[in-house]
Amino acid sequence: MASVNAAPQHLNFSSSGEEDSSDNSFDEWAHRSVPVRSPCQTPRVQRHRTRSITVSPSIPTSPIPYAAWKKLRLCDSPSTPKSLLSKSTLPCSSSKPCRSQRFLRLSTAFDRVPSVNVNPFTPETVRRNSEHHKRKSQRSDEDEDDAQRSKETQNSSEDENFFLPSKRPAVSARMLSRYESEFLELSCIGVGEFGSVYRCVKRLDGCMYAIKRSRRPIAGSANEQLALKEVYAHAVLGHHPHVVRYYSAWAEDDHMIIQNEYCDGGSLHDAITEKGEQGEFFSVPELRDLLLQVSMGLKYIHSLGLVHLDIKPSNIFICISSSAGGEGDSEEEDESPSSGVVYKIGDLGHVTSISSPQVEEGDSRFLAYEVLREDYTHLPKADIFALGLTVLLAAGAPPLPQNGDDWHSLRQGELPSLPQELPAPFKDLLKTLLDPDPTTRPSASVLCRHDVLRKERAGKLAAQLRKELNVEKFRTAMLERELKEARLAVTSPQQSSQPGSLPRAGRKLVGRSAARSMSFGFPGY
Ligand SMILES: Nc1ncnc2c1ncn2[C@@H]1O[C@H](COP(=O)(O)OP(=O)(O)OP(=O)(O)O)[C@@H](O)[C@H]1O
Ligand SMILES: [Mg+2]
C-alpha cells in the first residue's frame with residue numbers, strides 16, 4: 001500500500017481570507033432565531049459551553065493547551081476569538097464610533113437574550129452601569145449590606161470591573177464560534193470519512209453554502225494533513241466551472257471548517273442511487289455530458305500540476321440552478337451543458353502534486369493498479385481510470401468490488417456488464433479509460449476534445465452550417481432572378497416604363513437588392 005510521506009505541516013491560519021462580516025453577525029445574534037438543528041448535527045454548542053475562558057489581554061486561556069491554541073492561531077480574523085476578546089477588553093478611544101459601540105444595539109436585546117455578551121466599555125453600557133450603581137447606592141441608605149457593597153464599588157471605581165454588568169456573562173464559548181455567528185445551519189447534507197457537510201445560509205449575504213466540518217479533532221493527527229491538503233488545494237484551484245468553488249476555511253474548536261459553494265443537486269452518487277431505485281440509469285447523452293464535464297474539471301486540475309486521486313460519484317457534485325455554469329475560461333467551457341446540469345469535482349482532501357506526490361490513497365474501489373503498486377509516474381491517469389469507473393457506475397454497472405478477483409479483472413481492461421447497450425465508439429472510449437497501461441489512457445485534455453464527446457457540438461455545428469448554406473442558396477437565387485430581369489430589360493426597353501415592369505434604364509440593376517439580401521429572416525430557412 002502507498003505510504004503517506006507528508007512533511008510536517010501545522011495549522012497556521014493567520015487570516016481566513018474573507019472580509020470582515022462580524023458586525024452584522026453581532027446584530028443578528030441579538031435577534032437570532034433558533035437554528036434548525038438536523039439529526040446528524042454534532043453537539044457543538046454543548047461542547048462550546050463546557051469551555052470556561054478567562055480573558056487575558058495577551059494570551060487567551062482555554063482547555064485547549066496553550067501550545068495547541070497558538071498552533072491553531074484561530075484568532076487573527078476579524079470575526080475570530082482574538083479580535084472578539086480584544087474588543088471586549090479594549091475601550092474605545094476614537095471619537096469615530098467603533099465596532100463595540102455598534103454592539104450597543106445588543107444592549108436592548110440583552111434583557112431578552114441573556115446569552116449575548118455586552119461590551120462593558122461602550123458609553124451606553126457605562127451609562128447603564130452608573131445608573132444601576134446610583135440606584136443601588138440610594139437603596140443603600142436603607143440597607144446596610146447594600147451600603148457596604150456600594151462603598152466597595154465606589155472605592156474600586158478605577159477598576160474596569162466597575163463597568164461590567166452586575167451579572168457578567170463569561171466570554172461565551174458561543175461567541176467563539178465563527179460558524180454559529182456567521183452561518184445559520186439548515187440541514188446536514190452529507191457525511192463522509194473526513195467530515196460532515198451542512199447546508200448553511202450566511203447571515204451576512206443571505207446565500208447558501210456547503211460547510212464541511214471535520215468529524216474528528218485535527219490538531220496533530222493525520223486528519224490535520226488531510227484537512228490542510230484540502231484547504232491548500234481549494235485555495236490554489238480557485239475558480240473553475242467544474243470544480244467546487246471555495247470561499248473560506250478556518251479552524252474552530254480544533255476542527256477544520258471549510259466553506260464551499262453549495263451544489264443544489266447533491267452528489268452524483270445520490271443521483272445514481274435515485275435512478276437505480278427506479279430501475280433507471282444515465283442515458284448515453286447524459287453519460288457523454290458527465291464524462292466531458294468532469295474531464296474539463298480534471299484538465300484544469302492537472303494543468304495546475306495537481307491530481308485529485310479520489311474521483312468517484314460521491315465526490316462529484318451537481319448544480320441544477322441555471323446560474324450554476326459560471327464563467328468559462330477556455331474554448332470548451334463556452335458552451336452550456338447539454339443536460340442542463342453542471343457537474344463539479346469536490347472533496348479535494350486527497351489532492352497532491354504531480355511532480356512531488358504525497359499520495360494518500362483514495363477509495364480502493366476506484367484505485368488504479370499502478371497507484372496500488374506505488375508507481376506514481378502517471379498520476380493524472382489514475383484520475384482518468386477512476387473517472388472511467390465513475391461513468392460506468394452512472395451507466396448502470398453493479399457496485400464496484402473493493403478487492404478480490406473482480407477488482408483485478410476490472411484492472412485488466414474488462415468492462416463490467418451493463419444494463420444498457422452503449423454505442424461502440426463510446427464503449428471503446430470507456431475501455432481506453434480503464435486501460436491497464438496508464439500511458440494508453442487518454443489525458444483529460446484529449447477527452448475534452450474527443451469526437452465521441454464532442455458529437456453533440458459537431459451536430460450543432462452541422463445544423464448551423466446547413467442553415468447558412470440555405471440562406472446563401474436563397475440569395476444566389478434572388479440575384480440570378482434579378483440578373484435575368486435586367487437582361488430582359490436591356491433587350492426590351494419599352495416594357496420598363498410600364499407599371500410593375502422591370503427598372504428603368506440608368507437605375508441600378510444588379511445588386512440593388514443587396515440590403516434586402518443581407519436580411520435572412522425567411523421563414524423555413
Ligand atoms: N459543496 C457541496 N454541495 C452539495 N453537497 C455536498 C457538498 N460538499 C459535500 N456534499 C455532500 O456531502 C458528502 C460528503 O462530502 P465530502 O465528500 O466532501 O466529505 P468527505 O468526508 O471528504 O468524504 P469522503 O468519505 O469521500 O472522504 C458528499 O458526498 C455530498 O453528498
Ligand atoms: Mg467525499
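Helices and strands are here DSSP runs, of at least four residues for a helix and at least two for a strand, numbered from the N terminus. The structure is a predicted model. On that assignment, the chain holds 20 helices and nine strands. Of its 525 residues, 32% are buried. Among contacts between residues at least 6 apart in sequence, 67% join residues at least 24 apart.

A convenient starting point is N315, which is placed in the loop between strand 6 and strand 7, the latter being residues 316–319. A residue counts as buried if 20 or more other C-beta atoms lie within 10 Å of its own. N315 has 25 such neighbours and is therefore buried. Beyond residues up to four places away in sequence, N315 touches D310, I345, G346 and D347.

The last of these partners, D347, sits in another loop, between strand 8 (342–345) and strand 9 (352–353). With 27 C-beta neighbours inside 10 Å, D347 is also classed as buried. Its contacts, leaving aside neighbours within four places in sequence, are G192, D310 and N315. An unreviewed UniProt entry annotates N315 and D347 as "binding site". These positions span 33 residues in sequence, yet their C-alpha atoms are no more than 5.6 Å apart, so they gather at one spot.

The contact of D347 with G192 leads to a further set of annotated positions. The unreviewed UniProt entry also gives "binding site" for I189, G190, V191, G192, E193, F194, G195, S196, V197 and K212. Although these positions are spread over 24 residues of sequence, they cluster in space, with a largest C-alpha distance of 13.9 Å. Within this set, G195 belongs to strand 2, residues 195–202, and is buried with 25 other C-beta atoms within 10 Å. Its contacts outside the four-place window are K212, R213, S214 and R215. V197 is likewise found in strand 2, and its 24 C-beta neighbours inside 10 Å make it buried. With the same exclusion of residues up to four places away, V197 touches I189, G190, A210, I211 and K212.

I211 in turn opens the way to the interior. The largest nonpolar core comprises 81 residues, and those with the most contacts inside it are I211, V391 and A394. Helix 15 supplies the largest share of this core, eleven residues. Domain 1 (179–261) and domain 2 (266–321 + 339–458) both contribute residues, so the core lies between them. Setting aside residues up to four places away in sequence, I211 touches Y179, F183, V197, Y198, C200, I257 and Q259.

Helix 15 itself runs over residues 379–394 and reaches 23 Å from its first C-alpha to its last, close to the 22 Å expected for its 16 residues. Of these 16 residues, 16 are buried. Just after the helix, G396 adopts a positive phi of about 110 degrees.

Helix 11, residues 222–237, offers a second example of helical geometry. At 1.5 Å a residue, its 16 residues should span 22 Å, and the 23 Å between its end C-alpha atoms agrees. Its buried residues are N223, E224, L226, A227, L228, K229, E230, V231, A233, H234 and L237. The elements covering them include strand 3 (208–214), strand 4 (246–252), strand 5 (255–261), helix 13 (284–303) and strand 6 (306–307). Helix 11 is followed by G238, with a positive phi near 50 degrees.

Note on methods
Residues are numbered from 1 along each chain as its sequence is written. Chains are lettered from A and ligands numbered from 1 in the order in which they are written. This is a predicted model: local features need pLDDT of at least 70, side-chain atom pairs count only at pLDDT 80 or more; totals for chains, interfaces and linings use all residues. The expected span of a helix is 1.5 Å times one less than its number of residues. A residue is buried if 20 or more other C-beta atoms lie within 10 Å of its own, exposed if 12 or fewer, and partly exposed in between; C-beta atoms are placed from the backbone. Two residues are in contact if their C-beta atoms, placed from the backbone, lie within 7 Å. UniProt positions are given in the numbering used here, feature names are shortened, and annotations may be inferred rather than shown by experiment. A nonpolar core is a set of buried Ala, Val, Leu, Ile, Met, Phe, Trp, Tyr and Cys residues joined through C-beta atoms within 7 Å. Domain bounds come from an automatic or database domain assignment.
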